[in-house]
Amino acid sequence: MPADGGIGAATIRREDVRFLTGTGKYTDDINIHGQAHVHFLRSEIAHGKIKGLDKASAEQMPGVLKIFTSDDFAEVGGLPCGWQVTDRHGEAMQEPAHPILASGKVRHVGEPIAAVVAESREQAQDAAEAISVDIEELPAVVDMPGALEDSAPKVHDDLTSNLCYDWGFVEENREAVDEAIRNAAHVTTLELRNNRLVANPMEPRVAVGDYTSASGDSTLYTTSQNPHVIRLLMGAFVLGIPEHKLRVVAPDVGGGFGAKIFHYAEEAFCTFAAKNLGRAVKWTSTRSEAFMSDAHGRDHVTKIDLALDAENNFTAIRTETHANMGAYLSTFAPSVPTWLHGTLMAGNYKTPLVYVNVKAVFTNTVPVDAYRGAGRPEATFQLERVIDKAARELGADPIALRRQNFITEFPYATPVALEYDTGNYVATMDRLEDMADLAGFESRLAESRERGMLRGLGVNCYIEACGIAPSSLVGQLGARAGLYESATVRVNATGGLVVMTGSHSHGQGHETAFPQVVADMLGIDAGMVEVVHGDTANTPMGMGTYGSRSLAVGGSALVRATEKIISKAKRIAAHLMEASEADIELGGGQFSVAGTDKSVAWGDVCLAAYVPHNYPLEDLEPGLEETAFYDPSNFTYPAGAYACEVEVDPETGKVSIERFSAADDFGNVVNPMIVEGQVHGGLAQGIGQALLEDCVYDENGQLLTGSYMDYAMPRADDVPFYAVDHSCQTPCTHNPLGVKGCGEAGAIGSPPAVVNAVIDALQRAGHDVEHIDMPVSPSRVWHAMQG
Amino acid sequence: MKISMTVNGREMSGEAEGRTLMSDFLRNTLKLTGTHVGCDTSQCGSCVIHVADRAVKSCTMFAAEADGACVKTIEGMANDDGSLGTIQQAFQDHHGLQCGFCTAGMVMSADALLKENPSPSESEIRDYLEGNICRCTGYHNIVKAIMAASGQDVENIAA
Amino acid sequence: MYAFELERPSTIADAVAALAADNAQALGGGQTIIPTMKQRLASPSRLVSLLGVSGLQGVSSGDGAVAVGGATTHVDVANGAASSYPALASLAANIGDPAVRNRGTIGGSLANNDPAADYPAAALGSGATIATNHREISAENFFLGLFETALENGEIITSVSFPVPNRASYVKFEQPASRFALVGVFVAQYDNGVRVAVTGAAEGGVFRWTEAEAALSSNYSAAAIDGLSTPSVDNLVRDLHGSAEYRAHLVKVLTKRAVASS
């Protein structure tokens with residue numbers, strides 16, 4: 001390993017220096033000379049018919065340049081959906097148009113109706129208030145089962161109903177699963193809600209559109225996890241700008257968690273308006289706007305049945321879910337409750353029969369799409385909760401019941417289409433029992449009781465499918481994109497390297513971790529490697545960062561490109577040392593000839609590549625720069641076991657997390673410090689979902705949790721120090737680094753552990769409580785205790 | 001109106017309206033973009049700076065209210081030689097930041113805390129950070145970094 | 001935010017004069033009004049900052065009372081009343097977060113009378129007297145309901161006088177998002193009886209729980225509360241953070257805790 005950190009080193013992050021000194025460059029820090037500002041007039045009504053819009057007086061307000069409405073976008077495409085789901089009858093999903101600005105109707109609170117561009121932000125807002133909009137309010141569709149009744153108002157008049165799709169998976173198993181459940185020795189049933197969440201990256205979204213009339217080039221600066229995807233979607237499907245005339249830059253991005261994957265109306269608007277007005281146009285979201293315009297997450301209502309035989313072996317799982325799509329289909333929304341959820345319903349267990357039914361429903365709410373974990377937390381929560389409930393009903397130990405049903409042989413083909421390449425669920429559970437000191441629980445319980453507090457222990461497992469994904473597979477499943485990743489490795493004449501990656505870091509530490517991989521392969525200092533990302537002008541086409549894919553897919557592309565570099569460098573070294581290429585070895589930054597003391601340094605080879613005086617020009621091009629695109633052959637399957645201990649105040653119902661332990665198998669690990677930080681962050685989001693966070697609409701479609709005054713974000717005093725461990729490592733068998741991905745694990749694995757612990761605490765205290773929906777707030781716990 | 005203040009030891013001035021927020025004045029007028037704005041209800045703390053040696057939320061005070069005051073922002077936290085200050089260095093050493101957006105506010109709050117309480121306990125740190133929201137770190141390494149910056153041994157804190 | 005002019009007077013007289021303008025409003029620390037103005041839910045034409053007005057800052061004690069200047073920040077109350085009125089200091093030390101406490105003022109909080117704010121509980125629970133630039137108002141007569149007080153246009157809170165009790169405590173159960181009081185109970189025992197003031201729970205804002213006051217006046221113990229029914233839920237807040245029944249229950253729990261910790 002290089003002295004300053006190759007693969008496996010807890011190298012501190014180089015990008016921290018700019019963030020710690022206030023010199024990061026986020027999108028809102030970008031101001032273009034002469035830029036104008038846009039304010040979006042957003043609907044305050046959840047569902048209504050736009051009968052008229054009078055902007056005449058607003059247009060006369062100081063500083064106003066232009067007020068745009070849907071009429072201005074008549075020639076422009078709407079926002080595309082990137083994934084088509086086919087329903088259980090073989091029909092395509094219902095896919096409504098998604099206009100940039102509301103056209104004809106408003107369909108959720110926060111939908112932009114008009115856009116005012118003015119010299120200043122305040123002037124734009126002042127003028128927006130002067131616009132008079134006449135909206136005939138219609139009954140709002142909020143409740144999902146209600147939305148599917150024949151009498152329900154339709155969110156989209158041109159669709160046949162509010163049902164986006166009725167998906168069954170695996171449809172051929174449906175009757176066999178029903179049969180197995182009918183004949184089971186025991187069936188445990190649980191109905192639950194997976195609460196709607198708002199991703200809330202701390203940096204609100206920002207878009208700055210710019211246009212150069214001399215060349216006809218458009219540039220969009222945006223808070224995105226995947227600038228190339230935005231360029232493709234916006235260029236090809238919305239604005240009709242060829243990609244070579246459109247540059248998308250996502251500079252420092254202040255967190256994403258899924259919400260910055262998607263292509264949003266504001267991005268298209270700023271790009272369009274900049275060209276239309278010949279001025280750069282900037283939009284900076286307020287947090288209040290973010291709550292009603294960023295895609296939300298989760299929001300499933302589910303009934304799950306777990307069937308067991310007389311020996312407590314799982315025999316079948318059947319789950320029926322209503323998944324909220326919101327008013328329009330966000331970019332990847334249809335995939336979340338289906339392929340990212342249904343395929344995970346086998347969990348860590350060898351259940352032979354699984355059937356998943358999902359009805360995706362349109363409602364008059366903000367669109368719902370992927371949020372950290374995306375489908376996998378919803379699968380894990382219901383499965384791990386129903387297993388806990390089954391254990392109680394059967395008088396079985398919840399850990400023993402899980403162990404009994406673990407998949408133990410790999411590769412393992414699940415009944416829901418995945419093939420787990422590797423894993424060791426017994427090892428992670430063993431590790432968890434040790435690190436969480438489960439043996440000491442009883443004494444901690446006694447100590448809590450002395451203080452008048454209830455105490456409970458919750459344990460669960462999780463598995464996720466990460467490193468999304470084989471393009472050919474996702475294409476069959478309805479993805480309208482490939483899911484490879486790219487890397488260009490450029491070696492400079494004096495030996496330093498620049499890595500240009502299609503992945504995007506918005507907190508994940510690529511600028512530190514990716515050089516560790518290259519440095520390890522070349523035997524050079526990581527400090528010689530620089531990472532460039534986030535700008536379509538200087539990085540190869542890539543699909544970006546989400547689904548815990550950066551290292552597993554982007555890192556693999558980086559390995560492949562670096563391998564090409566090594567291969568070519570060896571040919572140059574062979575020439576320089578007048579040796580056979582097959583005899584060249586690379587180690588410690590030196591090329592040597594096997595069995596001799598001849599060697600040539602890395603830097604000398606690089607120089608020769610660019611100053612090719614002594615160089616095999618007849619056989620080899622000068623230069624040392626290689627690009628690789630990597631398309632994985634399978635998902636990766638991180639898995640783990642989590643334990644949570646809570647105290648419950650029996651008088652107030654308040655839950656506090658006393659201990660949280662996470663044993664994860666991420667395969668190989670490049671930077672353990674970063675990996676642990678990713679788990680910590682995921683755990684806080686999972687604990688937030690379990691205890692605090694809830695995005696709530698009233699029956700009229702009004703958002704009740706539109707700010708941090710009512711949407712409870714986890715804060716420092718809501719969480720403990722966590723114990724996390726990734727020492728159980730079964731390397732991924734199909735990517736060159738053997739890595740699996742770690743970004744979402746914490747958010748997937750932790751909610752059931754928390755809720756299982758609360759239920760355990762209440763039951764130990766004699767309360768007959770089987771389930772409490774998340775967030776398990778003090779008032780909900782107290783009401784549950786009242787019976 | 002023209003307002004002037006001492007920012008990170010330097011005299012600075014610029015035009016402001018009555019409604020100009022301190023955060024906007026720093027970011028847009030003085031071009032000090034290290035101070036961030038993450039909410040509009042005075043809760044996230046990304047905008048914390050020091051005015052007259054007190055931590056305040058710069059999004060919840062008017063620039064004119066700081067006229068004539070001594071102001072310190074994240075841009076003024078490094079050592080004179082440009083190296084990271086003690087708290088900044090502890091945040092880097094202990095991975096107390098990921099996306100970096102909340103970081104300025106966290107560092108400014110931590111600095112205020114350690115001036116009041118040079119060796120805070122874990123719970124005192126968590127309590128003090130009530131007004132600083134981080135979505136990335138789960139707070140683990142932020143708390144650890146602040147303990148380390150105060151000279152406490154953090155070796156035994158679980159990963 | 002709408003445009004307005006900001007005045008920073010240095011005397012009460014100048015402040016009063018500045019507040020005489022149409023639609024002028026006093027500005028304390030701005031911790032409530034600035035977020036409100038950002039949402040364009042308030043549109044004063046002029047804000048008159050009281051932070052620079054001489055004589056409005058500081059905490060003093062004497063004659064069995066603690067007097068707090070109207071523009072004194074929460075952190076200064078937390079420090080200044082720590083020995084003279086610890087329960088008041090503790091309440092101030094737990095309002096909002098440190099940065100909010102460095103700006104927010106007692107006068108601003110009382111004048112706003114947010115139904116979930118902490119200071120109204122201390123003022124009513126202590127039988128405080130609120131002095132303005134032209135009169136004194138008892139806490140009983142000051143709080144008139146949701147965001148409503150007896151203050152007239154242009155009237156400035158100059159100081160608040162808290163009679164110091166024999167013992168007192170404030171216990172708050174926080175709403176998980178805003179961290180305002182879902183319910184907060186201030187209990188203070190005086191020679192002539194016990195006062196119990198409740199914030200956060202009622203639609204009309206802070207109120208006295210007279211049944212608890214009577215019970216505690218004859219037997220100052222947590223057990224004295226056990227026998228009481230919870231307050232009527234009729235006028236209690238019900239929202240996504242808790243039902244009226246839950247709030248009523250918390251009133252009782254927190255009253256007992258306040259007695260126990262006083």
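**Notebook: sheets, helices and chain contacts**

I began with a pair of facing residues: A:Ser592 stands opposite A:Ser599 in E26(A). The model I am reading is a predicted one.

**Entry 1. The small sheet in chain A**

I looked up the strands around that pair. Strand E25 of chain A covers residues 590-593, and it pairs with E26(A) in the antiparallel sense over 3 bridges. Next I asked which strands make up the whole sheet, and in what order. It is an open sheet of 3 strands, ordered E24-E25-E26 in chain A, with antiparallel pairing. Why is one side of E24 and of E26 left without a neighbour in the sheet? Strand E24 (584-587) and strand E26 (599-601) of chain A are at the edges and have a single partner strand each, so one side of each lacks a neighbour there. I also noted the twist, which averages 25 degrees from one strand to the next.

Then I checked what lies against this sheet. Helix H15 of chain A, residues 550-576, packs on it and touches E24, E25 and E26 of chain A. The direction of H15 makes about 120 degrees with that of E24(A). Helix H16 of chain A, residues 602-610, also packs on the sheet. H16 touches E25 and E26 of chain A, and its direction makes about 70 degrees with that of E26(A).

**Entry 2. H15 against H16**

I wanted to know how these helices sit relative to each other. The axes of H15(A) and H16(A) come within 9 Å and cross at roughly 95 degrees. H15(A) and H16(A) are therefore roughly perpendicular to each other. Which residues meet? From H15(A) I listed A:Ala569, A:Ile572, A:Ala573 and A:Leu576. They meet A:Val605, A:Ala608 and A:Ala609 in H16(A). By class, I find 7 nonpolar, no polar and no charged residues in the contact of H15(A) with H16(A).

**Entry 3. H9 against H10**

I turned to another helix pair. Helix H9 (residues 376-394) and helix H10 (residues 398-405) of chain A have axes that come within 9 Å and cross at roughly 115 degrees. That makes H9(A) roughly perpendicular to H10(A). The crossing of H9(A) past H10(A) is right-handed. On the H9(A) side, the contact is made by A:Ile387, A:Asp388, A:Ala390 and A:Ala391. On the H10(A) side, I noted A:Pro398, A:Leu401 and A:Arg402. By class, the contact of H9(A) with H10(A) has 5 nonpolar, no polar and 2 charged residues.

**Entry 4. Strand E28 and its partners**

I then followed strand E28 of chain A, residues 639-648. How many of its residues are buried? The count is 10 of its 10 residues, so I wrote "mostly covered" beside E28(A). A:Ala639, A:Ala641, A:Ala643, A:Glu645 and A:Glu647 point one way from the strand. A:Gly640, A:Tyr642, A:Cys644, A:Val646 and A:Val648 point the other way, and all are buried.

Next came the partners. Strand E20 of chain A (residues 454-463) runs antiparallel to E28(A), joined by 10 bridges. Strand E29 of chain A (residues 655-665) also runs antiparallel to E28(A), joined by 10 bridges. I used A:Val646 as a marker: A:Gly456 stands opposite it, and in E29(A) its bridge partner is A:Ile657. The hairpin of E28(A) and E29(A) has 6 residues between the strands, and A:Gly653 there takes a positive phi near 80 degrees.

**Entry 5. Helix H3**

What is buried in helix H3 of chain A, residues 121-129? I found A:Gln123, A:Ala124, A:Asp126, A:Ala127 and A:Ala128. Their cover includes strand E1 (36-42), helix H2 (56-59), strand E3 (64-68) and strand E5 (112-118) of chain A.

**Entry 6. A strand in chain C**

In chain C I looked at strand E10, residues 157-163. It is mostly covered, with 5 of its 7 residues buried. Strand E5 of chain C (residues 65-69) runs antiparallel to E10(C), with 5 bridges joining them. C:Gly69 stands opposite C:Ser159 in E10(C). Strand E6 of chain C (residues 129-132) is joined to E10(C) by 4 bridges, again antiparallel. There, C:Thr129 has C:Ser161 as its bridge partner.

**Entry 7. Where chain A meets B and C**

Last, I counted contacts between chains. In chain A, 46 residues are in contact with 45 residues of chain B. H17(A) gives the largest share of the A side, 7 residues. That side divides into 22 nonpolar, 15 polar and 9 charged residues. Toward chain C, 14 residues of chain A are in contact with 12 residues of chain C. Here the A side divides into 8 nonpolar, 4 polar and 2 charged.

Definitions and conventions. Residues are numbered from 1 along each chain as its sequence is written. Chains are lettered from A and ligands numbered from 1 in the order in which they are written. This is a predicted model: local features need pLDDT of at least 70, side-chain atom pairs count only at pLDDT 80 or more; totals for chains, interfaces and linings use all residues. Two strands pair if DSSP finds at least two bridges between them. Helices (H or I, at least four residues) and strands (E, at least two) are DSSP runs, numbered from the N terminus. Axes are lines fitted to C-alpha atoms, for helices over the stretch in contact, and angles run from 0 to 180 degrees between N-to-C directions. Two residues are in contact if their C-beta atoms, placed from the backbone, lie within 7 Å. Ala, Val, Leu, Ile, Met, Phe, Trp, Tyr, Cys and Pro count as nonpolar, Asp, Glu, Lys and Arg as charged, and the others, Gly among them, as polar. Angles under 35 degrees count as roughly parallel, over 145 as roughly antiparallel, 65 to 115 as roughly perpendicular and the rest as oblique. A crossing is left-handed if the near helix is turned anticlockwise from the far one by less than a right angle, and right-handed if clockwise. A residue is buried if 20 or more other C-beta atoms lie within 10 Å of its own, exposed if 12 or fewer, and partly exposed in between; C-beta atoms are placed from the backbone.
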